[in-house]
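Open the model in your viewer and keep the sequence panel beside it. The stops below say what to select next and what is there.

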Amino acid sequence: EKAGYKHFMAKEIAEQPVVLADALKHYVADDGNSALQALDFSGVDRLTLVACGTAHYACHVAKYWFESLAGLPCDIDIASEFRYREPPLSDKGWALFVSQSGETADTLAALRYARDKVAKVLSVVNVPTSSIARESDLALPILAGVEVGVASTKAFTCQLAVLALMALKAGRDRGRLTAEEHATHIADFRLLPGLMNHALSLAPEIEKLAEQLAEAQDVLFLGRGQMYPLALEGALKLKEISYIHAEGYASGELKHGPIALIDSRVPVIVLAPRDHLFEKTVSNMQEVMARHGKVLLMSDAAGVTEAGAGCWRTLTLPKVPDVFAPILYAIPAQLLAYHTAIAKGTDVDQPRNLAKSVTVE
Ligand code: F6R
């Protein structure tokens, strides 16, 4: 069942290039026509995305995409807060629920709260027969295949894939993207499986980093813009399977408090492709180094060349089209958590206190 891998998590991390390509094939035909054709975002005034845990971080990335690619006002929330907060919703708005299992109690309750308050209820699920799928007006499958490892990996990147394709469709419908721009993004998307294979090939290097990370008491993850939710996801993955205390922060928030935690024992993992925000993140990274923090910079070759000096460690990822960087950078974050847990000898597939599907609130 593990197909030669030591753990389901390792197998599921390795499957990502293939399942992502399958999802793309399902949603975008060779002639560019999309299975999302039936969704018309032009009259939607607000999109509300609700989920828990890793699925919520997928929504958080998607907010950046829907806003920048489609100019669509977007709210995100965690389901356990959303369901009791009595949030006002627009009857011209859509609500979107993201869940691997489709059975998460809080997410299902949030869906039921929203159902008669919005124009359309959508879900992005891995289990098409699940409660959340059945109670949505339209359920979009992520086609990740069964995910056994308790820590979500391939479901996260497949959720991101479907959400990115939705944001691109919204961009067309709302006149934000020309047909040409849309086609360019889709062509860029097709590069992802190859880039993900490249990222997977960095496993031996990541394993060495993980052996050192396993000594840490506390780890910080930093990211800016659409990499901020990846910092949150990287920290969640590390804490849930290695039991090392980890926190994700928006790079720009560092000086508003968390920088007080920095000393020579705290590794700070910076997720920063060489994009238009890179310089800003580098200056936050320098603030960490000035306080003797141990920076692990994950970037592409240009970023590592420009800002790698003085870092504790660097990891060079392939250059990726800007929009899709969160999908690629999920892989080193997952591998780092996995190998750190292995170095610590924890049970990666079945971490303590956690259940795969949280059907109680
Ligand atoms: C983290 C993880 C959880 C789930 C969360 C939502 O690795 O797996 O945070 O993402 O419990 O579960 P679903 O997606 O089934 O609603």
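**A tour by selection**

Select helix 14 (residues 325-344): helix 14 lies across strand 8, strand 9 and strand 10, running at about 145° to strand 9. Helices (H or I, at least four residues) and strands (E, at least two) are DSSP runs, numbered from the N terminus. Contact means heavy atoms within 4.5 Å. Axes are lines fitted to C-alpha atoms, for helices over the stretch in contact, and angles run from 0 to 180 degrees between N-to-C directions.

This is a predicted model, in which local features need pLDDT of at least 70 and side-chain atom pairs count only at pLDDT 80 or more, while totals for chains, interfaces and linings use all residues. Residues are numbered from 1 along each chain as its sequence is written, and side-chain values use heavy atoms, with hydrogens and water left out.

Next, select helix 12 (residues 278-290), which lies across strand 6, strand 8 (267-271) and strand 9 (294-300) and runs at about 160° to strand 9.

Now show the sheet. Its five strands form an open sheet with parallel pairing, in the order 7-6-8-9-10; two strands pair if DSSP finds at least two bridges between them. Strand 7 (245-250) and strand 10 (313-317) stand at the edges with a single partner strand each, so one side of each is left without a neighbour in the sheet. From one strand to the next the twist averages 20°.

Zoom in on strand 6 (residues 218-223), joined to strand 7 by six bridges. Pick Phe221: its bridge partner in strand 7 is Gly248.

For the largest pocket, select Cys52, Gly53, Thr54, Lys356 and Val358, which lie nearest its centre among 27 lining residues. A pocket, on a 1 Å grid over the protein atoms alone, is an open set of points with protein on both sides within 12 Å along at least five of seven lines; a cavity is a set where a 1.4 Å probe fits but cannot get out, and lining residues have an atom within 4 Å of a point. The largest pocket holds about 590 Å³ of space, a volume being the space filled by probe spheres set on the points, with grid points joined across faces, edges and corners. Helix 11 gives the most to this lining, with four residues.

Finish at the largest cavity, with a volume of about 40 Å³. Residues to select from its lining include Arg224, Met227, Leu271 and Phe278.
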